[in-house]
Amino acid sequence: MAASGALNAGRHIRFSSLVFVGSAKKNRLKTGCLRSAKAFSIRNQSTMQVQDKNPRIFTAVCVQRSPVVTKMKSHLEVAYQKFQDQLELEHSALSEDEVQLEEFLQRKKKLKDDDDENMTIGIFEADRKEFEEEQEEEGKKFIPADRCTESDKVNDLRSLQRKLGETLILFVKKQKDSETWEALHAEVTNTNETLQQVASKSVSEICGTDLSVQFLNNAPIAVIKNYKNKGNKVFFYKVNYVTGCVSLGEEYSDHIWVTTEEMRDLVDQKYYNILKRFLS
C-alpha cells in the first residue's frame with residue numbers, strides 16, 4: 001500500500017511538472033504572438049499614415065492646335081493623285097460647255113456657203129478664245145501662300161503660326177532656370193470638385209482668360225502613376241485650341257507650342273510614352 005501510494009505520488013508530480021511546462025510554453029508562445037501582432041499593427045499603421053500623407057492627385061490638360069493646312073504629299077501620293085485624276089477625266093460626262101463646243105465643231109465640218117452660219121461659228125470661236133485667255137490670266141495671278149511661315153524660319157516655339165501642317169501641343173515651364181516642361185498641371189485640393197472642373201479651372205489660371213479651348217470629354221483620357229513621387233497620380237485631359245493667346249501667370253516663366261516629335265527631347269521618357277498614346 002505504501003509503495004503504491006508512493007508510485008501514485010510520483011506520477012502526480014511528473015504529470016504536474018508536464019502540465020506546468022506545457023502551460024509555460026503556451027504562455028510564451030501566446031506572448032510572442034501578441035508581440036508580433038502588435039509590432040505588425042504598428043508597422044502597418046505607420047505605413048498607412050505615410051501613404052495617406054504623401055500621395056497627391058493632379059490633373060494635366062494637353063492643349064493641341066489642329067493642323068491648319070494639309071500635309072505635303074509624298075511621291076507615292078502624288079503619283080496616285082495623277083492616276084486618279086486621269087481615271088476621273090476618262091469616265092466623266094461632258095460639261096455643258098464641252099457639249100456646245102462639240103456641236104459647233106460638227107457644224108463647222110458640215111459648213112457650206114452660208115453666211116449666217118459662218119458668222120455664228122466665228123462669233124462663238126472668238127468668244128471662247130477670249131474666255132480661255134481671261135481664265136489663263138486669272139490663273140497666273142493666283143499665288144498660293146507659302147507653307148513655311150516667318151515663325152518657321154526663325155524657329156519661334158512660342159508662336160502658333162508654325163508647323164501649319166502638323167499638330168502642336170502646349171507646354172509650360174514653372175521656374176525660369178528649370179529644364180522641365182509639362183502640360184497644364186493642377187493639384188486636386190478640393191474634394192467637392194470633379195477632375196474636369198479642376199482641369200478646366202487650371203487652363204484659365206495658368207494661361208489666362210484669353211485662351212479658349214474645347215474639352216473633348218468629361219472623363220480623363222489617360223493616367224500616369226508614381227509621377228515624381230510614389231503614389232502620385234496625374235489624370236490627363238485632351239482639349240482642342242479654339243482661339244486666343246497664352247498669357248502666363250506669375251508662377252510660370254515660359255511656354256512653347258511643339259510637335260509630338262519635338263516633344264520627345266523636352267519631357268521625361270515615361271511622360272512622353274503616356275502622351276504619345278493619345279496625342280494625334
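These are my notebook entries on charged side chains in this structure, which is a predicted model.

**Entry 1: salt bridge count**

I began with the pairs of opposite charge. Side chains of opposite charge can pair when their charged atoms come close. I took a Lys or Arg side-chain nitrogen within 4 Å of an Asp or Glu carboxyl oxygen as the test. By that rule I get eight salt bridges. I looked up three of the pairs, among them R56 with E187.

**Entry 2: R56 and E187**

I checked how far apart the N and O atoms are here. The closest ones are 2.8 Å apart, so R56 and E187 pass the 4 Å test. Next I looked up where the partners sit. R56 is in the loop between α1 (2-53) and β1 (57-65). E187 belongs to strand β3, residues 184-187. The two are 131 residues apart, and the pair links distant parts of the chain. I then read off the accessibility. R56 has a relative accessible area of 39% and is partly exposed. E187 is partly exposed as well, at 33%.

**Entry 3: K228 and E182**

I moved to K228, whose side chain meets that of E182 in a salt bridge, at 2.8 Å from N to O. K228 lies in the loop between β5 (222-225) and β6 (233-243). E182 lies in the loop between β2 (168-173) and β3. The pair therefore ties together parts that are 46 residues apart in sequence. Is each partner buried or exposed? K228 is exposed, with 63% relative accessibility. E182 is at 13%, so I log this residue as buried, the cut-off being under 20%.

**Entry 4: E136 and K140**

I turned to helix α4, where E136 and K140 are four residues apart. That spacing separates them by about one helical turn. Their closest N and O atoms are 3.9 Å apart, and I count the pair as a salt bridge because the limit is 4 Å. E136 is partly exposed at 47%. K140 has a relative accessible area of 55%, which makes this residue exposed, as the cut-off is over 50%.

**Entry 5: negative patch**

Which residues gather in a patch of negative charge on the surface? I list D127, E130, E133, E134, E137 and E138. I looked up E130 as one of them. E130 is placed in helix α4, which covers residues 115-141. The relative accessibility of E130 is 45%, so I note this residue as partly exposed. A patch residue needs over 30% and no salt bridge, and E130 clears that area cut-off at 45%.

Technical notes:
Residues numbered from 1 in each chain as written. Predicted model: local features only at pLDDT ≥ 70, side-chain atom pairs only at ≥ 80, totals over all residues. Heavy atoms only, no water. Patch = residues over 30% accessible without salt bridge, like charges linked within 9 Å, V, L, I, M, F, W, Y side chains within 5 Å. Areas by Shrake-Rupley, 256 points an atom, 1.4 Å probe, with all protein chains shown as cover. Lys, Arg positive; Asp, Glu negative; His and termini not counted. Charge placed at Lys NZ, Arg CZ, Asp CG, Glu CD. Buried < 20%, exposed > 50% of the residue type's maximum accessible area, 1.4 Å probe, protein only.
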